[in-house]
Amino acid sequence: MHALVNIGVSAARRAGDLIMRYRNRVHNLKVSSKGRNDFVTEVDRQAEAAIIDTIRKAYPAHGFLGEETGQQGNTEAYWIIDPLDGTTNYLHDFPAFCVSLAFCVRGQIEHGVIYDPMSQELFTASRGDGAQLEGHKIRVSNRRSLEGALIGTGFPFRGHDLHLDEYLAMFREVISETAGIRRAGSAALDLAYVAAGRLDGFWEIGLKSWDVAAGVLMIREAGGMVSDLTGGDGFMESGNIVGGNPRVHTALHKLIAPHLSDALKK
Ligand code: 2AM
Ligand code: CA
């Protein structure tokens, strides 16, 4: 394992342990609401601080882009951090949440770590070196079409530009063409599941770079494909993403594309 991945794994496990320690006390936490359905907990902040502390001790020159603390330090070589992806699930003790870390150099994602502290499953990937679950190589599924496919998604949630009608039109199509849709509530974990072949594909609108950075590398390194909804590479900026094994990615993209409004084509 690459030395950077080792440090990423230590940081993710430390955050995961903290998340699990707080789990039993979750209802007593100070929960601040930043608008509808948008919780930022003390746990998120502490988990992110633990991650940054672990990495900084090993690599003082690295920068960070964290969901909680924003951009700091080096902007050429930095870690993109989602300290607790699936916060809403966590608050409800619904067991689908994870820690997601990606190491980025000049816009290129080099390493990714996704850790599920409930199952203690650890997903890792390094560019050019494949993706692993518990150190064993993983591959995307080999399903050849949407028929029988299991597709992950997330519902639109950001108030002002939900694109709900467009999303529901896509949803309607995907329901009728596949074996089913799953909406677990942690985009990073869903992407890791695509890489591991547990889901055949995934799409969502309006995510943030920390939700997808590690998972995108994982899917690609596991032999899958990822694009934005126009088929381009702008998912880190737009947060609109479709991924899957190569055939499912192509088919899913084809199904979704006719429902893009002009705003979603940007
Ligand atoms: P988060 O838990 O780190 O915020 C699910 O659709 C994905 O969207 C998750 O990765 C989740 O990450 C993100 N998300 C952000 N805000 C959300 C909200 N208010 N409701 C549901 N998911 C949200
Ligand atoms: Ca997130």
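**Exercise 1.** At what angle do the axes of helix H4 and helix H8 cross, and within what distance do they come? Classify the pair, give the handedness and describe the contact.

*Solution.* The model is predicted.

Step 1. Helix H4 covers residues 164-177 and helix H8 covers residues 246-256. Their axes come within 9 Å and cross at roughly 135°.

Step 2. Angles over 145 degrees count as roughly antiparallel, and 65 to 115 as roughly perpendicular. H4 and H8 are therefore oblique to each other.

Step 3. The crossing in which H4 passes H8 is right-handed.

Step 4. On the H4 side, Met170, Glu173, Val174 and Glu177 make the contact; on the H8 side, Leu252, Leu255 and Ile256 do. By class, the residues of this contact are five nonpolar, two charged and no polar.

**Exercise 2.** Which residues have the most contacts inside the largest nonpolar core, and which element gives the most to this core?

*Solution.* Step 1. The largest nonpolar core has 36 residues. Those with the most contacts inside it are Ile80, Ile114, Phe123, Phe202, Met218, Ile219 and Ile241.

Step 2. Elements that give two or more residues to this core include strand E5 (77-85), strand E7 (108-116), strand E8 (121-126) and helix H5 (187-195). Helix H6 (209-221) is also one of them, and H6 gives the most, with eight residues.

Step 3. Take Ile219 and leave aside its neighbours within four places in sequence. Ile219 is then in contact with Val140, Leu191, Val194, Ala195, Gly224, Met225, Val226 and Gly244.

Step 4. A second, separate core has 31 residues, among them Ala11, Ile19, Leu101 and Tyr115.

Methods:
Residues numbered from 1 in each chain as written. Chains lettered and ligands numbered in written order. Predicted model: local features only at pLDDT ≥ 70, side-chain atom pairs only at ≥ 80, totals over all residues. Heavy atoms only, no water. Axes fitted to C-alpha atoms, helices over the stretch in contact; angles between N-to-C directions. Helix = DSSP H or I, 4+ residues; strand = E, 2+ residues; numbered from the N terminus. Parallel < 35°, antiparallel > 145°, perpendicular 65-115°, else oblique. Left-handed = near helix turned anticlockwise from the far one by under 90°. Contact = heavy atoms within 4.5 Å. Nonpolar A, V, L, I, M, F, W, Y, C, P; charged D, E, K, R; others polar. Core = buried A, V, L, I, M, F, W, Y, C linked by side-chain atoms within 4.5 Å. Buried < 20%, exposed > 50% of the residue type's maximum accessible area, 1.4 Å probe, protein only.
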